[in-house]
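Please walk through this protein model with an eye to its covalent cross-links, its strand pairing and its backbone geometry.

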Amino acid sequence: MPAYGQIPKLLWTSNSSANVLANFQQLQTQDITEGDVEQFVDTNFGGEGLELEALVLSDFPQNPGFLGNVTDPLLKAWSQTVHGYWSQLIRSTNASALCPTGSSGSCESTLIALNHTFVIPGGRFREQYYWDSYWIIEGLLQSELYDIVNSTLQNFMDELELFGFIPNGGRIYYLNRSQPPLFIQMLSRYVTVTNDQSILERALPLAEKELQWWQNNRTVNVTSPYTNQTYAMARYAVNNTAPRPESYLTDYETAHGSGLNLSTSELSDLYAELASGAETGWDYCSRYLASPAPGNGDLTTLVVRETIPIDLNSILYKNHVLLANLYGSNSTAANSHLSQASLIREGILDLFWNSTKLSFYDFSLRTNSRNNVFSSATWYPYWSGIIPDEVLSNETNAFKAFSAVNMVLNRYNGSFPTTFLETGLQWDSPNSWPNLIMILLSALNELPSNITSTSLSALSGNQSSFDLVPAGQLDLAESQLFGQPVMPGVNASQTGSSADINALNGTVVNGGNATDGEGWGRALQRMVANRYIASALCSWHATGGSISGLLPRLSDAELNVTQSVNNTGNMFEKFSTTDIDSSGSGGEYTVQAGFGWTNGVALWIASNYGDVLVAPQCPDVLVSAQIVGSSTTSTSSPAQQTSAASPRRFSAGDVMFWFGLLVVVQILQ
């Protein structure tokens, strides 16, 4: 039973929905205790996760070929360990536990039953999720689990046939929203790696169907204030008038917080914004707030539906390009998609690109101008193959476009943050997300060699890393950047060269080793790749991970700091830019372990950068806990983080917070 204030994830009822609602009404007729609520939940709802079952693969590859790319013995062994985690995350639908259709059955379920095997992200995310699967598939391809990739794609195609789009995840309460549309990208990667052309007969018409859904439901015409040209551009915009069922209490409290007295229409708008924020995958981030600023995490000011996002439109551009390639000899279809891609590209460069700041920014329909929040979304156009002329024609400009990456590597201990605004939202600093690190590495890799060949030292000279960033690009003064703790209660200097505490000769701490003739582009890739591995491995080691003969298990005294004495290592969904022993923090829910895209990105990096990876020097856990303080909570095992609630009594009015448990029951009716 979760602590009061945390709605458990509703999966299925153990009674008909009519009976459950009747029992709930009866519960409200008296003052009740937490025990009464527990009994109601236990009596009327089934256990979590029973509708799905783990699978054991008899032909699981023990030594996939990518391991040969990893030269460091410890990192090779660790990569093999991470590869083995797929066996813990592979699921199929448990047909014996499915509820009968209709509202008169003995139970009713929110599950979208899938016909094929898939990989779950892990933790509270027990179903197949849409955009997570892109990075999961990248890892599965490295692990040579091609059948699982095919099955995942088949599940998405089933959903396209059934619903006309791919929902956020495998529950019916996700049927009002999607997530970043990466199906075509997954399909393309699978076909490229396996050369399985047979899947295209089914996949191509359904890929067209998904693109049409985004065109019909999420696309608006935008007239540029810069050129007066009009473009059809996509946004996230969910039709929703109530709290999200899976986060009912959280949304309710957001909408009814202190000092708020929203009208019915204002409540509906806010609930639509919250659901739209979830559709972005970045739930939540300051880039979607009306007035983003350090310390401002006010979700009542979300303006997702009035934002034209860099990443979404870059994804759609790349979808058209990849689909044209998949059509091959069908020149009519291919040319049509290339034409559509060209129009989106023009819109991206016009609406998002700031040639003075040398960065991409989201476009606001509300202000009819670009926003000022610098975020990891700026890498998506490069990842998609869109490189502005100002970058292509000038190596100094090319470096300046990525100079914030150099700054982070020199100033902070971890990897690149989502934004530089510290707001308490989980898609803001100091959190670093695995999927975005892969986008960044791919973006750097897209730059041609003629603008990335000069050495990093030649471009940086004697300047501090912040001074190399174009004026205004971050929209923050140097003193406004979040701090890097170095001693208990003490941050590193926030200004000047003394802030570059991790700078070494040709590299950075935990950035791998510089090589002769290494250009700045390859140097940044090497350092970012190493920092990601450092974050993943060190936080795993800090929570009980070990490798016989190579990486001893920490002492119980050290593991007690992270509440991991009985744990064997966590792969976290997000990391901290300031503490590589720690996971990320903030957001609506306890930090999750598992974790699908973290594993996928780790294996992708091992495969593509294995020859430049060096085993990291992990900080002392006891010292890190003293320095960072809050990191002890965020690093701990998720299963151990939620303590039991203090005994308390509930009035009938308090029970309404548990109404989130019953929203889906009403959906089922």
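The paragraphs below take up the disulfides, then a sheet and a proline beside it, and finally some backbone torsions.

The model is a predicted one, and it holds 2 disulfides. A disulfide is a covalent bond between the sulfur atoms of two cysteines. When the bonded cysteines of the protein are numbered in sequence order, the pairing reads 1-2, 3-4.

One disulfide is formed by Cys99 and Cys107, whose sulfur atoms are 2.1 Å apart. The torsion about the S-S bond of Cys99 and Cys107 is about -120°, so this disulfide is left-handed. Cys99 is buried, and Cys107 is buried as well.

The other disulfide joins Cys538 to Cys618, with an S to S distance of 2.0 Å. The torsion about the S-S bond of Cys538 and Cys618 is about -85°, and the disulfide is therefore left-handed. Because Cys538 lies in helix α19 (residues 520-542) while Cys618 lies in the loop between α21 (596-609) and α22 (621-628), the pair ties together parts that are 80 residues apart in sequence. As for the surroundings of the two cysteines, Cys538 is buried, with a relative accessible area of 1%, whereas Cys618 is partly exposed, with a relative accessible area of 28%. Another cysteine, Cys285, also counts as buried, at 1% relative accessibility.

We turn next to a sheet. Strands of a sheet pair through backbone hydrogen bonds, either parallel or antiparallel. Here an open sheet of 3 strands follows the order β9-β12-β13, and its pairing is antiparallel. The edge strands are β9 (307-308) and β13 (369-370), because each of them pairs on one side only. Strand β9 is joined to β12 (residues 363-364) by 2 bridges, and these two strands run antiparallel; in β12, Ser364 is the bridge partner of Thr307.

Pro309 is found in the loop between β9 and α11 (310-327), and this proline is buried, with a relative accessible area of 0%. Which residues is Pro309 in contact with, once its neighbours within four places in sequence are left aside? The contacts of Pro309 are then with Ala234, Arg235, Tyr236, Arg287, Tyr288, Phe352 and Asp362. In addition, the C-alpha atoms of Pro309 and Leu351 are separated by 10.0 Å, the two residues being 42 residues apart along the chain.

The backbone torsions deserve a separate look. Most residues other than glycine have a negative phi, and most peptide bonds are trans. Against that background, the peptide bond from Asp283 to Tyr284 is cis, with omega near 5°, and Tyr284 lies in the loop between α10 (264-280) and β9. A cis peptide bond also joins Ser429 and Pro430, where omega is about 5°; Pro430 has its place in the loop between α16 (403-411) and β14 (431-432).

Positive phi values are the remaining topic. Asn368, a residue other than glycine, has a positive phi near 55°, and its place is in the loop between β12 and β13. With a relative accessible area of 39%, Asn368 is partly exposed. Gln563 likewise is not a glycine, although its phi is positive, at about 55°. Gln563 is found in the loop between α20 (556-561) and β19 (575-576), and Gln563 is partly exposed, with a relative accessible area of 36%.

Definitions and conventions
Residues are numbered from 1 along each chain as its sequence is written. This is a predicted model: local features need pLDDT of at least 70, side-chain atom pairs count only at pLDDT 80 or more; totals for chains, interfaces and linings use all residues. Side-chain values use heavy atoms; hydrogens and water are left out. A disulfide is a pair of cysteine sulfur atoms within 2.5 Å. Buried means under 20% relative accessible area, exposed over 50%, partly exposed in between (1.4 Å probe, protein chains only). Helices (H or I, at least four residues) and strands (E, at least two) are DSSP runs, numbered from the N terminus. Two strands pair if DSSP finds at least two bridges between them. Contact means heavy atoms within 4.5 Å.
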